[in-house]
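Visitor: Could you take me on a close look at the nonpolar interior of this model, and then follow it outward to whatever it leads to? I would like one connected account.

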Amino acid sequence: MLSADKNPHFIISNSDIGAGKRGASDGPIAVKDELTHLGYPMLEFDILENFNIQTQYLDNSFGKHIENLLEAMVILNDKVIDVISKNKFPIILSGDHSNAIGGLSGLKNANPDKTIGVIWIDAHADLHSPYTTPTGNIHGMPLAALAGIDNQELKKNEVAEDVIYYWNELKNIGIHNISPKFDLKNLVFIGVRDAEDQEWAIIEKAGIITFEPDDIRAKGIKKILTETLQCLSHCDLLYISFDADSLDPEISTGTGTTSPDGLNIEQAEIIFKTLMSNPKIGAFEITEVNPNLDTNDKAMAKVISNLLIKGLN
Ligand SMILES: [Mn+2]
């Protein structure tokens, strides 16, 4: 349960600019509608400007629509700072996972002297940079942008100068140009099972604690969460990011990049309850719900809204 002194305030950032497939921009509103259906119309929402009209960038192969994305992330950063300044707790419902760049930047910029721990619940590691990305989709890069990593040692792409410019702007979002926003040693992955070699290299080099499906099966999700929180006990604030594709494809019927061997619903409920009740929680993000791809009558938005209610109550 979210502690009583935390006044939840939802931020809807519908950008799906960072995704390879369109349509996750409708995810946040679908979740909001489900929350209303479930009897929670009193929750506070801020809906940010729609940024999904994309310009055609000249050479964007390794950072698609990065200039549009920067604009959307600055707005999300500013909104998170605004919500925190009003002593409210930001819950970010976002289109695709590149929104974590704006969300976590906002938490850090609102708390520049605090050490931020990150719990990333996802099938993917999202540690690519324009230099290593196989797709150019920025939803595979948010953690590298936030941690200020280029991974040039394993570079395979020749990146255009202007993409490099915008990439550096993404790293430095905020008036004080703080970068990195968090340290990789303060990151824990839960459920990661589909990452590329360049990402595993970062995980190994930085010693990022990574709980894969086998670990979750062996230890149970409660123990995994206890260990996660122990690993981050020296951090002042936690940023929790929950990608819908962390769930097993049986449940994650409406998300862009499903991957087998994911979390089941009981495990997800324990994650929401445990992490939302943690006093150090600074912001909570839920992302990559795509009702337009949902093969089961928008069930994904229902699943996510039910998880949120479990966490809030
Ligand atoms: Mn992700």
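Guide: Happily! In this predicted model, the largest nonpolar core has 51 residues. Those with the most contacts inside it are Leu 127, Leu 170, Phe 182, Leu 184, Leu 187 and Phe 189. Several elements each supply at least two residues of this core: the helices α2 (66-85), α3 (100-110), α4, α5 (161-171) and α6 (197-206), together with the strands β4, β5 and β7. Of these, α2 gives the most, with 9 residues. In general, nonpolar side chains tend to be buried together in soluble globular proteins.

Leu 127 is a good residue to centre your view on. Leaving aside residues up to four places away in sequence, Leu 127 touches Gly 140, Leu 143, Ala 144, Leu 184, Phe 189, Glu 199, Ile 202, Ile 203 and Ile 208. Two of these, Leu 184 and Phe 189, are also among the residues with the most contacts inside the core.

Now turn to β4, one of the strands that feed this core. 6 of the 6 residues of β4 are buried, so the strand is largely enclosed by the rest of the structure. Both of its faces are covered: Ile 116, Val 118 and Trp 120 are buried on one side, and Gly 117, Ile 119 and Ile 121 on the other. β4 has parallel partners as well. It is joined to β7 by 6 bridges, with Val 118 standing opposite Tyr 239 of β7. It also pairs in the parallel sense with β5 (residues 187-190), over 4 bridges, and here Ile 119 stands opposite Val 188.

Follow β4 and β7 a little further and you come to the metal site. The manganese ion is coordinated by His 97 through ND1 and by Asp 122, Asp 126 and Asp 243 through OD atoms, at 2.0 to 2.3 Å. Along the chain, the donors follow the spacing H-x24-D-x3-D-x116-D. Asp 122 lies in the loop between β4 (116-121) and α4 (142-147), and Asp 243 is in strand β7 (residues 237-243), so this pair ties together parts that are 121 residues apart in sequence. Both Asp 122 and Asp 243 are buried.

Apart from the largest core lies another one, of 46 residues, among them Ile 91, Phe 211, Leu 229 and Phe 272. Each of the next three stops picks up one of these names.

Start with Ile 91, which is the bridge partner of Phe 10 in the pairing of β1 with β3. Strand β1 (residues 7-13) and β3 run parallel, joined by 7 bridges. Strand β3 (residues 88-94) has 6 of its 7 residues buried, so it is largely enclosed by the rest of the structure. β3 is also joined to strand β8 (residues 281-287), again in parallel, by 3 bridges, and the partner of Leu 93 in β8 is Ile 286.

Next comes Leu 229, on helix α8 (residues 221-231), whose buried residues are Ile 221, Ile 224, Leu 225, Glu 227, Thr 228 and Leu 229. What covers them includes β4, β5, β6 (209-211), α7 (213-219), β7 and α9 (265-276). Since an α-helix has 3.6 residues a turn, residues three or four places apart point the same way. Past this helix, Ser 233 sits in the loop between α8 and β7. With a relative accessibility of 48%, Ser 233 counts as partly exposed. Its C-alpha atom is separated by 9.3 Å from that of Lys 280, 47 residues apart along the chain.

Two cysteines belong to this stretch too. The model has 0 disulfides: Cys 231 is in none, and its nearest cysteine sulfur, that of Cys 235, is 9.8 Å away, too far for a bond. Cys 231 is partly exposed at 30% relative accessibility, whereas Cys 235 is buried at 2%.

Last is Phe 272, which ring pairs link with Phe 242 and Phe 284 into a cluster. The count of aromatic pairs in the model comes to 4. Another ring pair is that of Tyr 165 and Tyr 166: their centres are 5.1 Å apart and their planes at 75°, so the pair is edge-to-face. Both tyrosines count as partly exposed, Tyr 165 at 48% relative accessibility and Tyr 166 at 23%.

Terms used. Residues numbered from 1 in each chain as written. Predicted model: local features only at pLDDT ≥ 70, side-chain atom pairs only at ≥ 80, totals over all residues. Heavy atoms only, no water. Donors = N, O, S within 2.8 Å, 3.2 Å for Na, K, Ca; no water. Buried < 20%, exposed > 50% of the residue type's maximum accessible area, 1.4 Å probe, protein only. Disulfide = S-S within 2.5 Å. Pairing = 2+ DSSP bridges. Core = buried A, V, L, I, M, F, W, Y, C linked by side-chain atoms within 4.5 Å. Contact = heavy atoms within 4.5 Å. Phe/Tyr/Trp six-rings, centres within 6.5 Å; stacked < 30°, edge-to-face > 60°.
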